[in-house]
Amino acid sequence: MVVVRGGGIAYADEGLYERDDMGVLWKRIGMSPGKGRPEFGKVHFLRQRRAMRKLLCQVCGGPSDRTGEGTLWLVGEDPEGPELWEPGYVTTHPPVCVPCAVMSVGACPHLREVYVALRVRAFAPVGVHGALYRPGEAFPVAYDADGVTFEDWRIGWVLASQLIMEFQEFTVVDLEAEHATYLADGR
């Protein structure tokens, strides 16, 4: 149960690991490693946050692909879209390894339609996405879902479900060429 406490929200029975190092409250979720099938479009909150923080592949959970050119990310954007040409692009999708990137563009319904592979050299976590709450009569009331930066006054009123990463320096790359290099290097 979510309650109002200290100028924001908290769990009535909050444990030590339900907030991150920024003090953000995270949504609770069960863990069953190795069980089930991929559910495209449904994000496992804890897995997403761990993959972002540790730069793990969002598909297999192993290390993401990192070279001197940067960390490999796939984003479901139009390569001609203006949002990809300036620093400040944000995403909730963790990085990937090359084999999983190749598999994903064929298996994920969203990526089959449009995607861009990026080598990201400079990036930083800038906020969270989640349910926004406001005070209610007896308990806080969820009223919206949105991304909130760590500096936003609403950060104490969000029940986070995804970490947001901002790309400051990146290059669009050809995934087929990345795959060919990966195979040639025997990685």
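This report describes one helix, a strand pair, the nonpolar cores and a few single residues of a predicted model.

**Helix 4**

Helix 4 covers residues 175–185, and Leu-175, Glu-178 and Tyr-182 are its buried residues. Viewed down the helix axis, these buried residues fall within an arc of 55°, so they line one face of the helix. An α-helix has 3.6 residues a turn, so residues three or four places apart point the same way. The face turned away from the buried side carries Glu-176, Leu-183 and Ala-184, which are exposed. The cover over the buried residues of helix 4 includes strand 5 (70–75), helix 2 (98–107), strand 7 (116–134) and strand 9 (158–173).

Both ends of helix 4 have a feature to note. At the N-terminal end, Asp-174 acts as a cap, with a side-chain oxygen 2.8 Å from the backbone nitrogen of Glu-176. After the helix comes Gly-186, which has a positive phi, near 65°.

**Strands 7 and 8**

Strand 7 pairs with strand 8 (residues 141–149) in the antiparallel sense, over 8 bridges. The two strands form a hairpin, and 6 residues lie between them. One of the bridges joins Arg-134 to Val-141 in strand 8.

**The nonpolar cores**

The largest nonpolar core has 21 residues, and those touching the most other members are Val-24, Trp-73, Leu-118, Val-128, Ile-155, Val-158 and Phe-167. Strand 5, strand 7 and strand 9 are the elements that give two or more residues to this core. Strand 9 supplies the largest share, 6 residues. There is also a second, separate core of 15 residues, and its members include Cys-100, Val-105, Cys-108 and Leu-111.

**Thr-91**

Thr-91 belongs to strand 6 (residues 89–91). Is Thr-91 buried or exposed? Its relative accessibility is 5%, so Thr-91 counts as buried, the cut-off for buried being under 20%. The side chain of Thr-91 reaches the backbone nitrogen of His-93 at 3.0 Å. Apart from its neighbours within four places in sequence, Thr-91 is in contact with Met-52, Trp-73, Val-75, Leu-163, Ile-164, Met-165 and Phe-167. Two of these names, Trp-73 and Phe-167, were also given above for the largest nonpolar core.

**Cysteines**

How many disulfides does the structure hold? It holds 0 disulfides. The table gives two cysteines, each with its nearest cysteine sulfur.

| Cysteine | Nearest cysteine sulfur | Distance |
|---|---|---|
| Cys-60 | Cys-57 | 3.8 Å |
| Cys-97 | Cys-100 | 3.5 Å |

A disulfide requires two cysteine sulfur atoms within 2.5 Å, so neither Cys-60 at 3.8 Å nor Cys-97 at 3.5 Å is in one. Cys-97 has 11% relative accessibility and therefore counts as buried. Its neighbour in the table, Cys-100, is among the residues of the second core.

**Leu-55**

Leu-55 is in the loop between helix 1 (45–54) and strand 4 (66–67). Most residues other than glycine have a negative phi. Leu-55 is not glycine, yet its phi is positive, near 55°. With 14% relative accessibility, Leu-55 counts as buried.

How values were computed. Residues are numbered from 1 along each chain as its sequence is written. This is a predicted model: local features need pLDDT of at least 70, side-chain atom pairs count only at pLDDT 80 or more; totals for chains, interfaces and linings use all residues. Side-chain values use heavy atoms; hydrogens and water are left out. Buried means under 20% relative accessible area, exposed over 50%, partly exposed in between (1.4 Å probe, protein chains only). Helices (H or I, at least four residues) and strands (E, at least two) are DSSP runs, numbered from the N terminus. The arc is that of the directions from the helix axis to the C-beta atoms. Contact means heavy atoms within 4.5 Å. A polar contact is a pair of N or O atoms within 3.5 Å; within protein, one must be able to donate a hydrogen and the other to accept it, and residues adjacent in sequence count only if both atoms are side-chain atoms. Two strands pair if DSSP finds at least two bridges between them. A nonpolar core is a set of buried Ala, Val, Leu, Ile, Met, Phe, Trp, Tyr and Cys residues joined through side-chain atoms within 4.5 Å.
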